[in-house]
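Visitor: Can you walk me through this one? Keep it quick.

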Amino acid sequence: MTDQPTDHLDRRDFFKGLGVASAATLLLSAVGGTLAGDVFQTPTSGNVHNRPWWIRNVDKPSLGIDWEVIERFNAHTGLVLGEQGMRYVGDEDEINRLESKASALEIDRIQRNVPGYRLQDQALYSAFRMARNALPLSFLGLQQTPTPEQLNVPRWEGTPEDAAQMVKAALRHMGAATVGIVELDERTRKLIYSIDIDGKPIEFEDVPLGYETDDRRVIPYGHRWAIVYTVQMSEETLKRASTVTGAQTTMLAYYRGISIQLIAQEFLRGLGYQALGQPAINALGIAPALAVMAGLGELSRLNRVVTPEYGPMVRIFFLITNLPMAPDSPIDAGIARFCRTCMKCAEACPSSALSFAKEPTWQPAGPWNNPGHETWFENSPRCRRYWLESAGTNCGICFAVCPFSKKNRSFMHDFMKMHIATVPAVDGVVRSFDDAFGYGIQKDPETWWTSDLPPYGIEP
Ligand code: SF4
Ligand code: SF4
């Protein structure tokens, strides 16, 4: 925890705010959802899937992007997650020391039977991890499904709108939570890495089909559509972060996301098109930035995407294809604006890696960030050091405490999200509500095994 000041409401302001919230509610009830949609700009529905009216489509993301400044990112040396990027955490000796410490900690916790780190927790985590690693993830996919050419029939043809609808329906059926489309042009192509996380250059060429050699990956300029999708993580499970029990929901989401990629690549092939996938987790491009452009969520204080439906409780993946599809647009659901008041993730972060600044900035925190956009830049080396020194996992406390990390279908939660999107004056009250209801408090990992969770630990 940190000792940074926040500007939360005191008790008097809380109840005063309740009055504002009530008045706003009465107003909204009186004018009705449809009229309110007109008042607060165009209602959106069906863009990604059916969404409440207060999620508005906008021309530009809620936090700025300067397309003149932004450059394709070298993920091989820049990502703190990668081997090269670990130099930001410390020199070689220090990394070896941290990794030895993490291994010793893992064994010690199993031997001491620490809840959340017991043998059964480790076994479940490792099982998902091994299964994930065993999936044949690749840029080109399995290439096994018969193509229309092999079947001697013409490839699938339709309008871009029909194609987008079909692809979204198929990916949702495969297990994606939300799906959006981004058109790759001279600007959005900058969201594809220049060097992939494994050190291979990624190049665009005027060729009909993408290909891969020992020393590069090639994306045709004609492959102009990115299919961006999210996979939901279990809120109940991540409420046990930063334990191993909490972390296994990340592994499960990766496993499911990779499975979707494999199936989607084959599906597109069967239609007569090519889908180029991420050759590894977090590879090929900046998935969160593509998700913002696809309208799946907004950039937040986490410097990660927060979705209106599931908050940050998602993992994000994408494919690039030559099937023409109607693109989606960014959204404004009041999320980035709410982050200015909330700060709950920054308060909860045990390594003080997240920003407490009220306003976002254009100034990166270090070379691990890509300049050219406005956000709350994080201190990734601090975060990563905490993973190794203390958590022994990829932590995730900041995701778990976010007020948007609530199950989607609850009336109360939708009601709050509607207020966030439409009545900025009550942002502080909503944050206080979240505290008052005890949300954001991590749960006992011991209780996870008996909590009778739905499949995958998620609710639709
Ligand atoms: S994952 Fe990193 S940024 Fe998030 S709470 Fe943990 S240490 Fe902080
Ligand atoms: S916890 Fe609050 S400040 Fe952090 S991402 Fe969520 S809404 Fe934004």
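Guide: We'll take the ligand shells, then the sheet. Keep in mind that this is a predicted model.

Visitor: Which residues surround ligand 1?

Guide: Four cysteines are listed: Cys349, Cys383, Cys395 and Cys398. Pro350, Ser351, Ala353, Leu354, Tyr386, Gly396 and Ile397 complete the shell.

Visitor: How does the shell around ligand 1 divide into nonpolar, polar and charged?

Guide: Nine are nonpolar and two are polar. No charged residue is in the shell around ligand 1.

Visitor: And which helices each supply at least two residues there?

Guide: α12 (380-391) and α13 (397-401) do.

Visitor: On to ligand 2. How many residues surround it, and which are closest?

Guide: 14 residues surround ligand 2. The closest are Ser300, Cys339, Cys342, Cys345 and Cys402.

Visitor: Where does the largest share of that shell come from?

Guide: From α10, with three residues. α10 spans 335-342, and both α10 and α11 (344-348) supply at least two residues each.

Visitor: What classes are in the shell around ligand 2?

Guide: 11 nonpolar, one polar and two charged residues.

Visitor: Switching topic. What is the strand order in the sheet, and is it open or closed?

Guide: The order is β3-β5-β4, and the sheet is open. Its pairing is mixed. β3 (202-205) and β4 (211-212) are the edge strands, each pairing on one side only.

Visitor: Do β4 and β5 pair in the parallel or antiparallel sense?

Guide: Antiparallel, over two bridges. β5 covers residues 217-220.

Visitor: What stands opposite Glu212?

Guide: Arg217, in β5.

Terms used
Residues numbered from 1 in each chain as written. Chains lettered and ligands numbered in written order. Predicted model: local features only at pLDDT ≥ 70, side-chain atom pairs only at ≥ 80, totals over all residues. Pairing = 2+ DSSP bridges. Helix = DSSP H or I, 4+ residues; strand = E, 2+ residues; numbered from the N terminus. Near = placed C-beta within 6 Å. Nonpolar A, V, L, I, M, F, W, Y, C, P; charged D, E, K, R; others polar.
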